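This report goes through a protein model together with its ligand, beginning with the backbone and ending with the ligand site.

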Amino acid sequence: MGQLVNGVWHDTWYDTKNNGGKFVREDAGFRDWVQDNPQAKFQPESGRYHLYVSLACPWAHRTLILRTLKGLEPHIDVTVVCPDMLSEGWQMGLPEPLFGHTLLHQIYTQAKVDYTGRVTVPVLWDKKTQTIVSNESSEIIRMFNREFDCLTGNVDDYYPQHLRSVIDEWNDYIYPAINNGVYRCGFATTQEAYEEAYQQLFEALDRVDRHLETHRYLAGNQITEADWRLFTTLIRFDAVYVGHFKCNKQRIQDYPNLNGYLKELYQVDGIAQTTDFYHIKRHYYFSHTSINPTQIVPQGPQLDLESPHGRMHL
Ligand SMILES: N[C@@H](CCC(=O)N[C@@H](CS)C(=O)NCC(=O)O)C(=O)O
């Protein structure tokens, strides 16, 4: 684990000292947009963009989900990095297809030789202008949702106009408390910082569980972006966050509504294929040696994601 400083790799763990033991996630460094507009620098074209992901990472997982749901597989190819993220950061299993690089930080310096910042997945690369369009998953999924419809003819909309304010509200609530909340528990280096994150996390899970008692999905009766953003955290929760990040008040499996909701989303066509529990468990338990110095990856838990979810009545 480390970061680039003026284009040079430094192997350093997250600095929590300046934040009272709290983990604070850095903002993404590349924030351009693919736009279906003749004036845009980055236009939707088949085969033009390449996506670098980790199957372990919940933020990268969102982009894989939208790529699948929107029929983008034939148009945007993917490199999957190794689950182990150690002193060199994310590494490729085989040299990646565009430049033969073996480390993800080489993709960042390929885009900007003097890049300073963390080297994160997902990364959306543009083969035409030879740069990174974006390394911010929340924005990449918006591009995938809409800007490539002219190529695919798939107009399914996970951020529909009439639900935008409800979706935004859920995203703004779920991101700090749940998506990033599990990391705030796991990477906290003081008892207080951990407890604050833990309380906020379980309050938020309780609230979402109550909401799902009377609503099929977060924004009502239609699956939206807000559900997929929550899904990628929920699907990792019992397998990793309960143990490794000490989010252990209860499991998703123990919630009356979240459990069926998670199963229902997992059972949507194509989604199970984007979910890889080997990569998920191996990445967290093997890479975070300050949390798990033995690097032992647990065998369990046994998950039941394929049985009927029982949410048809809503
Ligand atoms: N804001 C980014 C966050 C992505 C992110 O933090 N990814 C993690 C993997 S789960 C990562 O690559 N971390 C490497 C690091 O922080 O050095 C997004 O949502 O795309």
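## The β7-β8 hairpin

In this predicted model, Q130 takes a positive phi near 55° within the hairpin of β7 and β8, whose strands have four residues between them. Strand β7 covers residues 123-126, and three bridges join β7 to strand β8, residues 131-134, with the two running antiparallel. One of the bridge pairs can be named: W125 has I132 as its partner in β8.

A positive phi deserves a remark in a residue such as this, given that most residues other than glycine have a negative phi. N6 is another case, since N6 is not a glycine and yet has a positive phi of about 50°. The position of N6 is in the loop between β1 and β2, which leads to the sheet that contains these two strands.

## The three-stranded open sheet

Strands β2, β1 and β6 form an open sheet of three strands in the order β2-β1-β6, and the pairing is antiparallel. The edges of this sheet are β2, residues 8-10, and β6, residues 117-118, each of which pairs on one side only. In general terms, strands of a sheet pair through backbone hydrogen bonds, either parallel or antiparallel.

Between β1, which spans residues 3-5, and β6, the antiparallel pairing extends over two bridges. Within this pairing, L4 has G117 of β6 as its bridge partner.

## Strands β3, β4 and β5

Strand β4, residues 77-86, takes part in two pairings of opposite sense. With strand β3, residues 49-53, strand β4 pairs in the parallel sense over four bridges, and in this pairing V53 is matched with V80 of β4.

With strand β5, residues 89-92, strand β4 pairs in the antiparallel sense over three bridges. Here L86 has G89 as its bridge partner in β5, and the two strands form a hairpin with two residues between them.

## Cis peptide bonds

Most peptide bonds are trans, which makes the cis bonds of the model worth listing by position. The bond from V121 to P122 is cis, with omega near 0°, and P122 has its place in the loop between β6 and β7.

A further cis peptide bond joins G300 and P301, where omega is about -5°. P301 is found in the segment after α10, a helix that comprises residues 277-287.

## The ligand site

Where does the ligand sit? The ligand occupies the largest pocket, where 18 residues surround the ligand and the closest are Y14, R25, W90, E136 and S137. By residue class, the shell around the ligand divides into 11 nonpolar, four polar and three charged residues. W90 belongs to the closest residues, and its number falls within strand β5, residues 89-92.

Several polar atoms of the protein can be placed relative to the ligand. An N or O atom in the side chain of E136 is 2.7 Å from a nitrogen atom of the ligand, whereas a polar side-chain atom of R118 lies 2.9 Å from an oxygen atom of the ligand. For V121 the backbone is involved, with one of its polar atoms 3.1 Å from an oxygen atom of the ligand. Of the 510 Å² of accessible area that the ligand has on its own, the protein covers 93%.

Two of these residues link the ligand site to features described above. R118 contributes a polar side-chain atom and lies in the range of the edge strand β6, residues 117-118, while V121, whose polar backbone atom was placed relative to a ligand oxygen atom, is the residue from which the cis bond to P122 starts.

Notes
Residues are numbered from 1 along each chain as its sequence is written. This is a predicted model: local features need pLDDT of at least 70, side-chain atom pairs count only at pLDDT 80 or more; totals for chains, interfaces and linings use all residues. Side-chain values use heavy atoms; hydrogens and water are left out. A residue is near a molecule or strand if one of its heavy atoms lies within 4 Å of it. A polar contact is a pair of N or O atoms within 3.5 Å; within protein, one must be able to donate a hydrogen and the other to accept it, and residues adjacent in sequence count only if both atoms are side-chain atoms. Accessible areas come from the Shrake-Rupley method with a 1.4 Å probe; for residues, only the protein chains shown count as cover. On a 1 Å grid over the protein atoms alone, a cavity is a set of points where a 1.4 Å probe fits but cannot get out, and a pocket is an open set with protein on both sides within 12 Å along at least five of seven lines; lining residues have an atom within 4 Å of a point. A molecule sits in a cavity or pocket if more than half of its atoms lie within 2 Å of its grid points. Ala, Val, Leu, Ile, Met, Phe, Trp, Tyr, Cys and Pro count as nonpolar, Asp, Glu, Lys and Arg as charged, and the others, Gly among them, as polar. Two strands pair if DSSP finds at least two bridges between them.
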